Amino acid sequence: MSKDGTNALERFLSDLESLFSVTPQEVREIMFHFHEEMRRGLAGGKSSLKMIPSFVGRPKGTEKGDFLALDLGGTNVRVLAVALDGNGNATLAAVSRFVIPSETIGGAGDKLFDFIVDCIQSFLKEHHAGMPQAYDLAFTFSFPVVQRSVSSGELICWTKGFTASGVEGKDVVALLAEALQRKGMKSIHVAALANDTVGTLVAKSYADPSCDVGVIIGTGTNACYPEKVARISRLPELRASGEMIVNIEWGGFDKLKTNVYDNLLDLSSNNAGRQKLEKMVSGMYLGELARLVIVEMIQKRLLFTEKSLPAFSVAYALTTEHLSMTAHGSDFFDDFGLADVQEADRQTIREICRIVSTRSARIAAAAIAAVVAWMDADLESNHTVAIDGALFEKYPGFQDNMTDMLFGVFGDRAKKIKLELAKDGSGIGAAIIGAVAASARQ
Ligand code: GLC
């Protein structure tokens, strides 16, 4: 490449780095706005943070029993059998995963629920000879739901690309119960409904009482924490003392500095103007952000050749798994029909992936910093943050980038915050919530 070309490339990449930068000072500002939105959300005012009361607190570790758990939140349905021994130990006795066809994600709502019930039936056939006499089922439903009780709640709006019709505004437990009826599975009782973040927090705190934040950083992103009931003023009927877990729905936070790629992505999404933080952080969107950068660079002749443009013109063709491959030192060029890629182009791609994923980790850290500081402004106590999701678990360097930002913001006090992987937490946690709900019924 000519000297000018090299300079143009360097300039582009350095501008890109600034467009995606997040400094510790900016994180402090984000935290300030986050707290304002939390306050407004808890009071039931207009806020980009929904702050949804879950009607459950953290468990005691003494909950017992065998449960079925159903987990719907991304492109898979998972069915799990969970055994709780009453001593803080939860065992995953069996688990099956089913891919939801894209026409079901975007089709009629009752077909989606029929599909879910088919998954439960296949699971029971495989793992339990014959039909069970009776089961309590805990339903992890990882979308924003206005919870009415521990076992009912209406979907506010779909996120993460789901568009199934006739579900928004409806009680999803009632829809599931109707589908169970339709398929003749009357022996299954839906005992609990939980967001995946709430499940994750409950599962981890079953054994570790210092756990007080549950986070998902996967296809979507969100968190929950235990709030003093007295501070949840949007529910004036809750006069009780004690705590209740609040699902923040932080994916909706909209007080962030966006750039041209964020705006392009948002405008062409099926939920424009919503889930602003999620679109900058979660696994569903990072590949798309990188793709938008790559397309511009090809058009400006800074990357590959013009012939490669059609391969990158398909929205969402580049996934976060592809980005993760570059961070692992391999590449995704085969999937895009690119042969003989120049070393300089490989390096440029690695840079783009690094820039996009680093910002994601920093914003995720900013949101965690805000939640922890909300509960404990001077970081006097230890806080275990239970985190599930493939982006956090598998993306090389992601966890380190988060930790670096926490130290950038809190200095040495950041040692009080432990980020811990909590695999399968959402299903196990829902089962624990189911156990609490079932014992309350007796
Ligand atoms: C989306 C959903 C939220 C869920 C998160 C992680 O943000 O709205 O409810 O917790 O994804 O799955």
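## A tour of the ligand and the empty spaces

Start at the ligand and select Thr159: an N or O atom in its side chain sits 3.0 Å from an oxygen atom of the ligand. Keep in mind as you go that this is a predicted model.

Next, add Asn222 to your selection. A polar atom of the Asn222 side chain is also placed 3.0 Å from a ligand oxygen. Then pick Gln275, where the distance from a side-chain N or O atom to an oxygen atom of the ligand is 3.5 Å. How much of the ligand's accessible area does the protein cover? On its own the ligand has 310 Å² of accessible area, and the protein covers 98% of that.

Now show everything around the ligand. There are 15 residues in this set, and the ones that come nearest are Lys160, Asn195, Asp196, Glu249 and Glu278. Keep Asn195 highlighted, as it turns up again shortly.

**On to the cavities**

Rolling a probe the size of a water molecule over the atoms reveals where empty space remains. In this structure, you can look for two cavities of 30 Å³ or more.

The largest cavity has a volume of about 110 Å³. To find it, select Ser54, Gln147, Ala194, Asn195 and Asn247, which are the closest to its centre out of 14 lining residues. Colour β1 (52–53), β6 (145–149) and β8 (188–194) as well, since these are the elements that each give two or more residues to the lining of the largest cavity. What kinds of residue make up the lining of the largest cavity? Ten are nonpolar, four are polar and none is charged. Try colouring by domain here: domain 1 (1–54 + 207–423) and domain 2 (57–194) each supply at least three residues to this lining.

The second largest cavity comes in at about 40 Å³. Select Thr258, Asp262, Leu265, Asp266, Lys276, Lys279 and Met280 to see what lines this one. Two helical stops, α7 (260–267) and α8 (276–281), are the elements giving two or more residues to the lining. Here the lining splits into two nonpolar, one polar and four charged residues.

**Last stop: the largest pocket**

Finish with the largest pocket, which has a volume of about 1,200 Å³. Centre your view on Gly74, Gly218, Thr219, Gly389 and Ala390, the closest to the pocket's centre among 46 lining residues. Which elements give two or more residues to the lining of the largest pocket? They are β2 (64–72), β3 (76–85), β10 (221–228), α9 (283–299), α10 (320–327) and α12 (390–394).

Colour the pocket lining by residue type and you get eleven nonpolar, 21 polar and 14 charged residues. Switch back to domain colours to see that domain 1 (1–54 + 207–423) and domain 2 (57–194) each give at least three residues to the lining of the largest pocket.

How values were computed. Residues numbered from 1 in each chain as written. Predicted model: local features only at pLDDT ≥ 70, side-chain atom pairs only at ≥ 80, totals over all residues. Heavy atoms only, no water. 1 Å grid on protein atoms, 1.4 Å probe; cavity = no way out; pocket = protein on both sides within 12 Å on 5 of 7 lines; lining within 4 Å. Points joined across faces, edges and corners; volume = space filled by probe spheres on them. Helix = DSSP H or I, 4+ residues; strand = E, 2+ residues; numbered from the N terminus. Nonpolar A, V, L, I, M, F, W, Y, C, P; charged D, E, K, R; others polar. Domains from an automatic or database assignment. Near = heavy atom within 4 Å. Polar contact = N/O pair within 3.5 Å; in protein donor to acceptor, adjacent residues only side chain to side chain. Areas by Shrake-Rupley, 256 points an atom, 1.4 Å probe, with all protein chains shown as cover.
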